[in-house]
Amino acid sequence: MRVVELPWQADPTRRFSRFADQPWAVLLDSCHDQSGQGRFDIFAAEPYATLECTGRQAVLTRGGERQVLRGNPFRLLAELLGPRTERDVRIPFCGGAVGYLSYELGRACVGLTAPRTGLPDYPELAVGLYDWSVVSDHQEQRCYLATHDRIPATRRVWEDLCARLLDESPGREQAYRLLEPLHSDFTQEAYAEAFRAVRNYIEAGDCYQVNLAQRFSAPSEGRLWTAYQYSRTVNPAPFSAYFNHPGLEIASASPERFLQVIDGRVETRPIKGTARRIPGKEQQRNELRESVKDRAENLMIVDLLRNDLSKNCASGTVEVPELFKVESFATVHHLISTVTGMLQEGRTALDLLEGCFPGGSITGAPKRRAMEIIEELEPKPRGVYCGSLAYVGFDGNMDSSIAIRTMVQTRGETSLYAGGGLTHGSQVEAEYQECLDKAAAMREVLKIHN
């Protein structure tokens, strides 16, 4: 392993902007200087290999050559990562896999086998294998360039890479704009009809909770990266991310950790329970903390995640050290709990990811039945939304978000989703408004750039 210290810069987008227009460039951004809730920013570019999977079909691209593979995407990725390497305790990610997992990738994880029509025309999983990373530590105010030297090419380009990272010239900017106003796939009447269908399923005992979402979209042009740079200043979130996949751009302002693994220690922080944030007023925050309905929703998902973690965690290690904590973001307050555990001997971060995917906070409970109902009622598949943006290091450690508050641009269209968990105690007007509240910051960002 090689580590070089770079001059400190609080804003990771300054350095990353010189790589942002490259295919497969990726930034995992804690937005620390705005929200104060994250410690590390990570970016990587120029992967030496890429893996793209849909179902059990995969394409591995390495050295300009494409190889078609078949198999379980999680097992294929584990093979590409290879044996674990040493960990540098200063740096959470020194190289490995980074990318996205779409919501539909989770169909196989929960045993859904019926064909799904109208799927997005991009892979269900897309990750790059990166031999170097740049990591900013806001607590120590230090910045590192790190590599495991997995490939000889890294040594050959090392001096040039260092020079590019020390270059203070600005990156190339490209305008972004919507060509039409955003519109929802759900009218308010159609949402109410879907709400009633969920209520009927709950009353029939089919499920306890279903996360119902609506999709907003519009034609667009330019680089979503431009909108992301503005978004991180007005809607900062500790699991923000930008990913420039060749077929789509992803700009995420997620507040929610999905799964983290550090030396076998596991943590997940599900969000369930939302209230509109009005600056200077604490009433909504206090009401959320005491809400019987929201606490019940949160507890359902905590129980689901305890069960999911137990598939790969050692017996007796799964605990809930934090329950019903209120955290505030740009436009909303959220009710957040924490569930922890320790991986069983012989189990890996990818085993855990497969066993828990997709996250229960964005499906409902029980998970499989909730996902069936979502497919029945939502007009289009979710794609990246409610999937995950994640890294898995060569050292075996992992961190990942739930891809909510996420904008996607592909084939000249920008889309975003917002949703909420419906239970027996839900009210249709309040749930519809919650969708609008959650989408408000993203819609405002896109409106500014229109």
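**Cavities and helix H9: a short note**

1. Searching the whole structure, which is a predicted model, turns up 7 cavities of 30 Å³ or more. The largest cavity holds about 190 Å³ of space, and that is a good place to begin a first look.

2. Which residues should you click on to find its centre? Of the 24 residues lining the largest cavity, Asn211, Lys272, Gly419, Gly420 and Lys438 are the closest to the centre.

3. Several elements help to build this wall. Strand E18 (271-276), H9, strand E25 (413-422) and helix H12 (428-448) each give two or more residues to the lining of the largest cavity. E25 supplies the largest share, with 5 residues.

4. As for the character of the lining, the residues around the largest cavity divide into 9 charged, 8 polar and 7 nonpolar.

5. Now to H9, one of the elements that contribute to that lining. Helix H9 runs over residues 292-310, so 19 residues in all, and its span from first C-alpha to last is 27 Å, close to the 27 Å expected at 1.5 Å a residue.

6. Where do the buried residues of H9 sit around its axis? The buried residues are Asp294, Glu297, Asn298, Ile301, Val302, Leu304, Leu305, Asp308 and Leu309. They lie on the same side of H9, because the arc they cover around the axis is only 165 degrees.

7. Turn the helix round and you meet the other face: Val292 and Asn307 are exposed there, on the face of H9 turned away from its buried side.

How values were computed
Residues numbered from 1 in each chain as written. Predicted model: local features only at pLDDT ≥ 70, side-chain atom pairs only at ≥ 80, totals over all residues. Heavy atoms only, no water. Helix = DSSP H or I, 4+ residues; strand = E, 2+ residues; numbered from the N terminus. Expected span 1.5 Å × (residues − 1). Buried < 20%, exposed > 50% of the residue type's maximum accessible area, 1.4 Å probe, protein only. Arc of directions from axis to C-beta. 1 Å grid on protein atoms, 1.4 Å probe; cavity = no way out; pocket = protein on both sides within 12 Å on 5 of 7 lines; lining within 4 Å. Points joined across faces, edges and corners; volume = space filled by probe spheres on them. Nonpolar A, V, L, I, M, F, W, Y, C, P; charged D, E, K, R; others polar.
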